[in-house]
Amino acid sequence: MAVNTFTNYIPSDPRSHRERMLAGDWYIANDPDNARLAKRAAQLADAYYRAFVADEPEARQYLNDLLGHMGEEVEIRPPLFVDYGSNITVGARTFINYNLTALDCVAITIGEDCQIGPNVQLLTPIHPIAPAPRRARIEAARPITIDNNVWLGGGVIVCPGVTIGENSVVGAGAVVTRDLPAGVVAVGNPARVIRVIGDDDEGREAIR
């Protein structure tokens with residue numbers, strides 16, 4: 001039986017698989033630069049964890065080296081799991097709790113003043129539904145954008161290509177498969193908007 005390969009599905013392309021990945025096109029993740037950068041990311045994330053636990057002053061420098069950009073007063077509690085790290089931007093004063101998984105094959109942008117609960121997953125990769133190209137290890141990715149002052153509850157999963165609008169709140173355990181507008185509360189799987197955030201929410205008990 002013939003073995004399905006990348007060339008069965010994608011026309012000839014002089015770009016490397018990493019270049020195709022960053023452009024959001026179909027690629028195979030065995031690019032040697034991808035492998036090298038993924039290993040570097042794992043090493044920096046591990047070094048950050050160890051330095052954080054030991055309360056070492058250079059802990060933040062490991063994050064600076066790992067992430068594409070990190071604003072002032074960002075707090076990220078380890079462990080942190082990324083593909084490359086270099087495609088992640090975190091805005092000033094954002095707090096990220098334990099066990100963030102951010103698969104950054106393409107850009108993941110987290111705005112300023114965000115609250116990211118424990119065990120959140122930000123997943124940019126997509127895979128073919130058809131079995132043959134999936135067997136050929138073809139994949140692509142779509143960027144994720146979390147706008148300013150968004151709160152993602154514990155265990156939220158954000159799927160490829162999603163944008164969550166400014167000031168919105170996503171309840172714990174929700175799976176966000178489509179864009180959410182600004183200033184709303186969304187819950188469930190798939191996440192759905194249950195109401196708009198209004199002035200009467202001042203002082204209202206928080207959603208966990």
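**Helices, strands and the reasons behind the labels**

Modeller: Four helices and 20 strands make up the secondary structure of this chain. Helices (H or I, at least four residues) and strands (E, at least two) are DSSP runs, and they are numbered from the N terminus. The model is predicted, so local features need pLDDT of at least 70 and side-chain atom pairs count only at pLDDT 80 or more, while totals for chains, interfaces and linings use all residues. Residues are numbered from 1 along each chain as its sequence is written, and side-chain values use heavy atoms, with hydrogens and water left out.

Biologist: Thanks! How do you know whether the radius of gyration of the chain agrees with that of a compact globule?

Modeller: The radius is taken over C-alpha atoms, and the globule rule is 2.2 Å times the number of residues to the power 0.38. For 208 residues that rule gives a value near 17 Å; the chain has 18 Å, so the two agree. Along the principal axes, the C-alpha atoms fill a box of roughly 65 × 45 × 25 Å.

Biologist: What share of the residues counts as buried, and what makes a residue buried or exposed?

Modeller: The share is 41% of the 208 residues. Buried means under 20% relative accessible area, exposed means over 50%, and partly exposed lies in between, with a 1.4 Å probe and protein chains only.

Biologist: Let's try that on Tyr 48. Why is Tyr 48 called buried?

Modeller: Its relative accessible area is 5%, and the cut-off for buried is under 20%, so Tyr 48 earns the label. You will find Tyr 48 in helix H2, residues 32–53.

Biologist: Which residues does Tyr 48 touch, leaving aside its neighbours within four places in sequence?

Modeller: Contact means heavy atoms within 4.5 Å. By that test Tyr 48 is in contact with Ala 59, Tyr 62, Leu 63, Ile 76 and Pro 78. Arg 60 is twelve residues from Tyr 48 in sequence, and their C-alpha atoms are 7.3 Å apart. Across the chain, 28% of the contacts with a separation of 6 or more are between residues 24 or more positions apart.

Biologist: Pro 78 caught my eye. What kind of peptide bond joins Pro 78 and Pro 79?

Modeller: That bond is cis, with omega about 5°. Pro 79 sits in the loop between strand E3 (75–76) and strand E4 (80–82). Asn 189 and Pro 190 are also joined by a cis bond, with omega about -5°.

Biologist: Why are Glu 73 and Arg 137 put in the exposed class?

Modeller: Exposed asks for over 50%. Glu 73 has a relative accessible area of 61%, so Glu 73 is exposed. Arg 137 has 56%, so the label holds there too. Each has a positive phi without being a glycine: about 60° for Glu 73 and near 65° for Arg 137. Glu 73 lies in the loop between strand E2 (69–70) and E3, and Arg 137 in the loop between helix H4 (131–135) and E12.

Biologist: What makes E1 and E12 a pair of strands?

Modeller: Two strands pair if DSSP finds at least two bridges between them. Strand E1 (residues 27–28) has two bridges to E12, so the rule is met, and the strands run antiparallel. Tyr 27 stands opposite Glu 139 there. Strand E11 (residues 125–126) also has two bridges to E12, again antiparallel; Ile 126 partners Ala 140 and Pro 125 partners Ala 141.

Biologist: Why are E1 and E11 called edge strands?

Modeller: The open sheet has three strands in the order E1-E12-E11, with antiparallel pairing. E1 and E11 are its edge strands: each pairs on one side only.

Biologist: Which way do the side chains of E12 point?

Modeller: In E12 (residues 138–141), Ile 138 and Ala 140 point one way and Glu 139 and Ala 141 the other, and all are buried. In a regular strand, side chains alternate between the two faces of the sheet.

Biologist: And how many bridges join E19 and E20?

Modeller: Four, in the antiparallel sense, with Val 187 opposite Arg 192 in E20. Their hairpin has four residues between the strands, where Gly 188 takes a positive phi near 100°. Pro 190 lies in that loop, between E19 (184–187) and E20 (192–196). Strand E17 (residues 169–170) pairs with E19 in the parallel sense over two bridges.
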